[in-house]
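Colleague: Please walk me through this model. I would like to take the ligand sites one at a time.

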Amino acid sequence: MAKGTFVRGVSWPLAAAGVLVVGNALWLAAGLVHVWNHPVIGWLALPVTALLAGHACWRVVRHPGLDSGTRRFWRHLTAACGLLTVGTIANSVDALGGALPSQRVGPVSLAFYLAVLGVVLWALLRLPSWERTRSDWTRFWLDTCMVLIAGIGLVWHFSLREHQQWIAQTGSAGAMLSLAVVGFLSVATFVKVAFAGAGRLDRRAIHLLAAGSAISAALGSLSPFLVSRPYLSSSMLAVPVAALSVHLAAARQLRTGASAPQARRRSRRVSIAPYVAVAVTSVLLLATPTADPRETVIMEVAAVLLIVVVVIRQIIAVLENNRLLGTVDRQLSDLRSYQDRLEHQATHDRLTSVANRALLERHVEELLTDQQVFHLVLLDVDDFKTVNDRLGHGTGDALLTLISARLTTTVGDLGLVARLGGDEFAVAVPARTDEGGETDIEALADRVLAALREPVDLMGSTLVTGTSVGLATSRAGDTSQELLRRADVAMYAAKAAGGGCWHWFDPALDRIADDTSRLSADLRHALADGQIFALFQPIVDLGTGATVGAEVLMRWRHPTRGLVPPDVFIPLAERNGSIIELGYWVLELACWQAATWQRRYGENAPAKISVNVSARQLAEVDFVDQVQDILCRTGVDASRLVLEVTETAVLTTDVAIEQLTRLRALRLRVALDDFGTGHSSLSLLLDYPVDVLKVDKSFVSGASAEGAGAIITKNLIGFINDFGMEAVTEGVETVDQAARLRLAGYRLAQGYLYGRPMTSDDFQQHFESSAKVALSA
Ligand code: C2E
Ligand code: CA
Ligand code: CA
């Protein structure tokens, strides 16, 4: 129990104030039946309770934990209590100063009372309030108006009607008016505080103050009932009760200290205030005696005013609801269009705006569920990667957009066009059930191919793109994946046929595809299982016939299929990535071999060893480092190593060119393989970091070797010499061919005439005997 407290939480001054209020109530009650001779006794409690309340407020002001807003409020209340103390003393002088006791309220007392009122209202208004919207405030003030109108009606009905008597009783209209003002303003202000919050001011304290001021205003309005007893006054109870409520509120605030700020309560949009006000006013209107027309008019005016305010409030509510509904409507439609956009994004291709894979699959599933027969057309742009790599992704994207536009125009409403990703498109076309259905779709495929073959002018270059098309027809029990797979297999068949055409799916294709995927799987562990080995094919001097080098060629001996040709397994290895591992293996093997020859034959060792390098390997960022590492480990002279790359491998990326340049800086040599089979522009040779040209065997021993091939090889050597390069002719099979090439000016050759690819042992034998031949020649 804290020092100075009476019972738990109640201090001595508070107890004293309580005793005084009860005492005065008893004094007043007794005074109704008994005439008191010493009316001063009734007045004594007034300044004392006011002073005690002031003291309590002052103690709150001095509480250390309060925020400035709350402290200011209690400072104002302390001042108000001080003014009240003086006011009550002045009032008792008014009442007792005359020859006979009276209920007079003199101008000085009135001034003090009004000052008390002003200070309290000011204190309340300065309390911090919550954030409220303008319409919240409008509603609040309208509600307050209604409460006030009803309140005024009520007070008028029960006491102000007797205002003449009041004025006679208290000596002026002031007391009556100030009472009315206290009543209404305190109601309004306390409602405002309840509505808008009171910062950190204790909520219970606010309630105590509100209740106290309402009770004391009610007690004050009992004055007319005491007119026959001038030794009594309604203030004798009204003031101590008001003081006690302030005292209690202060005690409460002192106990809770600086309470947490009250959470803002959600404003109720529906208020019962208008209905209560209308009900009260209606009852009063009915209860007003009709005898006095003035009275009726006043009540009627109050009722009309009230109705006007209620109507305004309802109109505002309706307008606000409409506005809210409008906002909700707008938000809903925003939400809907956002959802539509999301849906479109999820089902359409960003670049070309046609349907995406997800939408196509959904569409196909729907057709399958409906048991509709339809064709799936799968398109893949030929050599798109080259366009992308050579002309940049911007041009690639522009080309795809154009292709998709042409495709959409050609297909029209015959089917759904979708981009599956990359350069792959698909069209689902419902099948005609009659005889000509199949030719129909073939005709469409022809039209599409023709449309896509039209030259395109893009960013300064004219492109002609071919497309490979696979056709498959839905079957009962299909899934979208299965159908797409069949169309894909058919498309690859079209590609294998050279591209630029369409191909129907055929079950035989499936077997090939199955076979390929099995082989691809086997290839992954072929190296580890020791199934990979290398052969060496001699490269000879056309003049002397001496072996001057070797090309290393990889072989795969499959456990069940026997030898798999490199033309079959190298593309597979490139596709499944095992070429990287195989490539390093063959490179290292070549280097060990070269090192062995170096040791064994010294200066006379084969001058060069050639190794094939695929595009995939050149794309590896650390390729050059790995090569360097192998050179280090094997100790071979870098200038003995030739890396053979194909045109497409070099053409594909700048990275490849950069890698080759770095390799040449290590004194390695680069050969351009199969020259003459690709785009083979001689002018491009200038830009490539190439030392050796390997003239493709089709010019030497192929079908055109005698005619055009011969002319080309004859002219080519001039350019090669001019560029300062070396040439190796491939596929020399006959003595005739060799003689012709030598005559044309070629120095080096490779071919079955000199030796097929052979084991390293065989190669050494061959080398030794060829060296003897060369020496003896
Ligand atoms: P390539 O680099 O053009 O190799 C020359 C091919 O021509 C070899 O075929 C060789 O056996 C063949 N050949 C040699 N002389 C004659 C001839 O007089 N007449 C005819 N008709 N053909 C001749 P092979 O060994 O079947 O290799 C085929 C292709 O596989 C190679 O063509 C090369 O592109 C690739 N390849 C082989 N080994 C490797 C390798 O280790 N790495 C990479 N990336 N590719 C390899
Ligand atoms: Ca080669
Ligand atoms: Ca070749």
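What follows is a set of questions and answers on a predicted model.

Colleague: Which residues come nearest to ligand 1?
Modeller: The shell around ligand 1 holds 21 residues. By class they divide into eight nonpolar, five polar and eight charged. Those that come nearest are Q537, R555, D673, E733 and Y752.

Colleague: Which element supplies the largest share of the shell around ligand 1?
Modeller: Strand 12 (547-558), helix 18 (566-576) and strand 16 (669-675) each give at least two residues to the shell. The largest share is four residues. Its source is strand 12.

Colleague: How much of ligand 1 does the protein bury?
Modeller: Start with the polar atoms. A side-chain atom of N612 sits 3.1 Å from an oxygen atom of ligand 1, and a polar side-chain atom of D673 sits 2.9 Å from an oxygen atom of the ligand. Y752 uses a backbone N or O atom, 2.9 Å from a ligand oxygen. Taken alone, ligand 1 exposes 790 Å², and the share of that buried by the protein is 85%.

Colleague: What are the protein donors of the calcium ion (ligand 2)?
Modeller: The donor atoms lie 2.1 to 2.3 Å from the ion. In sequence, their residues follow the spacing E-x60-N-x31-E-x28-D. N612 is in strand 14 (residues 608-612) and D673 in strand 16, so this pair ties together parts 61 residues apart in sequence. The donors are E551 (OE), N612 (OD1), E644 (OE) and D673 (OD).

Colleague: Which residue bridges the calcium ion (ligand 2) and the calcium ion (ligand 3)?
Modeller: The two ions lie 4.0 Å apart. Ligand 3 is coordinated by D673 (OD), D674 (OD), E730 (OE) and E730 (OE), at 2.1 to 2.6 Å. For ligand 2, the donors include N612 (OD1) and D673 (OD). The bridging residue is D673.

Colleague: How many residues apart in sequence are the parts that D673 and E730 tie together?
Modeller: The donor residues of ligand 3 are spaced D-D-x55-E. D673 lies in strand 16, while E730 lies in the loop between strand 18 (726-729) and helix 27 (735-744). The pair therefore ties together parts separated in sequence by 57 residues.

Colleague: Is N612 buried or partly exposed?
Modeller: Buried means under 20% relative accessible area. D673 passes at 8%, and E730 passes at 7%. N612 has 28%, so it counts as partly exposed.

Colleague: With which side chain does E644 make a polar contact?
Modeller: E644 lies in strand 15 (residues 641-646). Its relative accessible area is 2%, so E644 is buried. E644 is also one of the donors of the calcium ion (ligand 2). At 2.6 Å, its side chain makes a polar contact with the side chain of K694.

Colleague: How far apart are the end C-alpha atoms of helix 9?
Modeller: Helix 9 covers residues 235-256, which is 22 residues. At 1.5 Å a residue, the helix should span 32 Å. The model agrees, with the end C-alpha atoms apart by 31 Å.

Colleague: How many residues of helix 9 are buried?
Modeller: The cut-off for buried is under 20% relative accessible area. Helix 9 is mostly covered. Of its 22 residues, the buried ones number 16.

Colleague: What phi does G257 take?
Modeller: G257 comes just after helix 9. Its phi is positive. The value is about 65 degrees.

Methods
Residues numbered from 1 in each chain as written. Chains lettered and ligands numbered in written order. Predicted model: local features only at pLDDT ≥ 70, side-chain atom pairs only at ≥ 80, totals over all residues. Heavy atoms only, no water. Near = heavy atom within 4 Å. Polar contact = N/O pair within 3.5 Å; in protein donor to acceptor, adjacent residues only side chain to side chain. Areas by Shrake-Rupley, 256 points an atom, 1.4 Å probe, with all protein chains shown as cover. Nonpolar A, V, L, I, M, F, W, Y, C, P; charged D, E, K, R; others polar. Expected span 1.5 Å × (residues − 1). Buried < 20%, exposed > 50% of the residue type's maximum accessible area, 1.4 Å probe, protein only. Donors = N, O, S within 2.8 Å, 3.2 Å for Na, K, Ca; no water.
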